[in-house]
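User: I am new to reading protein structures, and I would like to learn how to look at one feature at a time. Could we go through this one together, slowly?

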Amino acid sequence: MGRIERRFAELKQKGRAALVTFVTAGDPDYETSLKIIKGLPKAGADIIEFGMPFTDPMADGPAIQAAGLRALHGGQTLKKTLKLVKEFRAGDKETPVVLMGYYNPIYVHGVEKFLGEAKAAGVDGLIVVDLPPEEDVELCLPAIAADINFIRLATPTTDDRRAPAVFRNTSGFVYYVSVLGITGTKAPDLKSVEKNVNRLRKHTKLPIVVGFGVKTATQARAIAKSADGVVVGSALVSAIEDSLAKVGKPSPKTVKAVHSLVSDIARGVRS
Amino acid sequence: MTTAQVNSYRTGPDEKGLFGIYGGRFVAETLMPLILELEQAYKDAKADPSFQAELDSFLEHYVGRPSPLYFAERLTEHLGGAKIYFKRDELNHTGAHKINNVMGQILLARRMGKKRIIAETGAGQHGVATATACARFGLECIVYMGSVDIERQKPNVFRMKLLGAEVVPALSGSRTLKDALNEALRDWVANVEDTFYCIGTVAGPHPYPEMVRDFQSVIGVETKRQMLAREGRLPDSLVAAIGGGSNAMGLFHPFLDDKDVEIIGVEAAGLGLRTKKHAASITGGKPGILHGNRTYLLMDDDGQITEGHSISAGLDYPGIGPEHSWLHDMKRVQYVAATDKEALAAFQLCCKLEGIIPALEPSHALAHVMKVAPTKPKDHLMVMNMCGRGDKDIFTVADILGVKL
């Protein structure tokens, strides 16, 4: 049993949904980013998603795009992202870590090399936005062979006809994108989220977590009623941005700003 | 990378949208159902003679096709070698080849019942063509354009507005063409129900590279017919400029299986291939994944996309259509590059010798013609695609020549 599966099993016993937190690796710089993730489990994160910065994140909204550029300007690379995971893993053997990003940096690094290094660093799952099931031979199947979960995005356009293809080679959990559009721009329509989550359950036994546009404890609490987990991303990334002393430079408030927002939303998920 | 022999260079892409290892459908899940819907709609339209008949009619009466195949006599005399012909696609309505593809896609969008059209543009030529066709059919038109490009291509921005389009600045990243493409994709993800994305070049997820190529192939089909009528035989060589590569693919594709026809694509070498300031994806890049397809890209060691640079905003893109990448690996097409300086010299020569102000994009092709034509015998027939006119570029050129307008 991998860390992700184990974590969802534990939470099921506790009878509550998972809080999945997303921050961009290396935002605003390596050291601050490491402090941020090290403190996330204590603040209430059950699963950690780490964005691998890319110059052209076509599915992300302004907040996450800006975070990626801050990290890249700060010298973040794929190698350094793996190093961050390794350092985090040295102090935390249990919290699942999922890397999320776009295919090009992985492809250029070399798929097999990347998977070997990611596994060794303690990565549990991958979400690669621009790899739909039609491209499973690229990374999905090799990742499964390397014992890393390949987590798929399902969207409001994933209808009953398409769902079987989307879930065929997926594992870990399913990430339901609650709105049509890019990250962090529109608020999810809670009724349609519930309806779609229930619809997708007919196609998969995997836990379904819901993200894109979740910003507050109240939204998180409402989504946690029907889903197995809630992802908070853009809101945390915006908290980093708002806390900066100047562009790209952390202030003494940066780390705390993220952790207190996570604690707040965690209370929503757990209530 | 395969270099195995093939019987035909014209059968791609396969059912997965691949040309060898290039192409594909590297998009977010939200877009997949739309891309599959588009693929089916295009297949149906292609099989429907009434679709092609409607397109042919608009190409003739609205765009002004066929464009002439013109013997550039004075240039030929000046260079003293190959007999040079221009395929005059700069005479099309809106002043470039872009409208060929736009008419096809807009007729397809109408067929699919889509009422809202989005497009990306760099220099503004594809944006103007899209705005034009949308005005003609009464469709809503939104054009994404990098804020840097908006600043340097003001006349085209105003043209699009006159035609009723909304021009939305892309403010992220490098704020040029690649970012305009990102913004258009983001718009599409958010407006999947009613929106048709009209891509301007032979790139993007399958079926765009194939579809745009098919719509642009009218250039090569006409060239073949016109050359046979004129000279009684096929040309010996074809030369075209390449940014994303749609004008080149349109000219090249009908000739790919004519093995004796030498085919040359000219990328933008900017300030030189040894500097980082160029936009030559094949000559100076390596394979990667961006904007829905695998192809040659400009990037750093970490796989981060770098900026292209060219005097010509239309060539200033860090990628190239996937079919070009395949044709390069197969060695069927030779890819070379011309610098800003060489293109500018060609631009000036063409104005003076032929009375044609070329766009800066085909000026790159012309720069290569100037290099190779003198080495060819007088019976060598060379066709260069004059894919756009230079009115839009006079401000850039005046600026470089130090002339205040």
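Analyst: Let us begin with a single residue and its surroundings: leaving aside its neighbours within four places in sequence, B:A133 is in contact with B:V102, B:M103 and B:I106. Please keep in mind throughout that this is a predicted model.

User: Where does B:A133 lie, and is B:A133 buried or exposed?

Analyst: To place a residue, one names its element and then looks at how much of its surface can be reached. B:A133 belongs to helix α5, residues 125-137 of chain B, and B:A133 counts as buried because its relative accessibility is 0%, where under 20% is the cut-off.

User: How far apart are B:A133 and B:L18, in sequence and in space?

Analyst: Separation along the chain and separation in space are two quantities, and it helps to state both. B:A133 and B:L18 are 115 residues apart in sequence, and their C-alpha atoms are 30 Å apart in space.

User: Which residues of the largest nonpolar core touch the most other members?

Analyst: One can follow buried nonpolar side chains from one to the next and see how far the set extends. The largest nonpolar core has 122 residues, and those that touch the most other members are A:F173, A:Y175, B:M103, B:L108, B:W188, B:Y197 and B:F252. Taking B:Y197 as a case, and not counting residues up to four places away in sequence, its contacts include B:Q105, B:I118, B:L181, B:W188 and B:Y208. Apart from that core lies another, of 67 residues, among them A:A25, A:F50, A:Y176 and A:V269.

User: How should I read a single residue in a loop, for example A:T170?

Analyst: Take its place, its burial and its partners in turn. A:T170 sits in the loop between α8 (163-167) and β7 (174-177) of chain A, and with a relative accessible area of 11% A:T170 is buried. The side chain of A:T170 reaches the backbone nitrogen of A:R152 at 3.2 Å, and, leaving out residues up to four places away in sequence, A:T170 touches A:F150, A:I151, A:R152 and A:L206.

User: What should I look for in the backbone itself?

Analyst: Two things to look for are the sign of phi and the value of omega. A:F212, although not a glycine, has a positive phi of about 75°; A:F212 is in the loop between β8 (208-211) and α10 (217-226) of chain A, and A:F212 is buried, at 8% relative accessible area. B:R175, also not a glycine, has a positive phi of about 60°; B:R175 is in the loop between β7 (166-170) and α8 (177-190) of chain B, and B:R175 is partly exposed, at 36%.

User: Which residues does a cis peptide bond join?

Analyst: One cis peptide bond joins B:R65 and B:P66, with omega about 0°, and B:P66 is in the loop between α2 (49-63) and β3 (69-71) of chain B. A cis peptide bond also joins B:H206 and B:P207, with omega about 10°, and B:P207 is in the loop between β8 (195-197) and α9 (208-216) of chain B.

User: How much space lies in the largest pocket, and which residues are closest to its centre?

Analyst: For a pocket, one reads the volume, then the lining, then the kinds of residue in it. The largest pocket holds about 710 Å³ of space, and among the 32 residues that line the largest pocket, B:D300, B:Q304, B:I305, B:T306 and B:E307 are the closest to its centre. α3 (62-73) of chain A and α6 (147-152) of chain B are the elements that give two or more residues to that lining, with α3(A) giving the most, three residues. By class, the lining of the largest pocket has seven nonpolar, 15 polar and ten charged residues.

User: How many cavities of 30 Å³ or more are there, and what lines the largest cavity?

Analyst: A cavity is read in the same order as a pocket. The count comes to eleven cavities of 30 Å³ or more, and the largest cavity holds about 390 Å³. The largest cavity is lined by 31 residues, and those closest to its centre are B:H97, B:K98, B:G314, B:L315 and B:E361. Its lining divides into ten nonpolar, 16 polar and five charged residues.

Technical notes. Residues numbered from 1 in each chain as written. Chains lettered and ligands numbered in written order. Predicted model: local features only at pLDDT ≥ 70, side-chain atom pairs only at ≥ 80, totals over all residues. Heavy atoms only, no water. 1 Å grid on protein atoms, 1.4 Å probe; cavity = no way out; pocket = protein on both sides within 12 Å on 5 of 7 lines; lining within 4 Å. Points joined across faces, edges and corners; volume = space filled by probe spheres on them. Helix = DSSP H or I, 4+ residues; strand = E, 2+ residues; numbered from the N terminus. Nonpolar A, V, L, I, M, F, W, Y, C, P; charged D, E, K, R; others polar. Buried < 20%, exposed > 50% of the residue type's maximum accessible area, 1.4 Å probe, protein only. Polar contact = N/O pair within 3.5 Å; in protein donor to acceptor, adjacent residues only side chain to side chain. Contact = heavy atoms within 4.5 Å. Core = buried A, V, L, I, M, F, W, Y, C linked by side-chain atoms within 4.5 Å.
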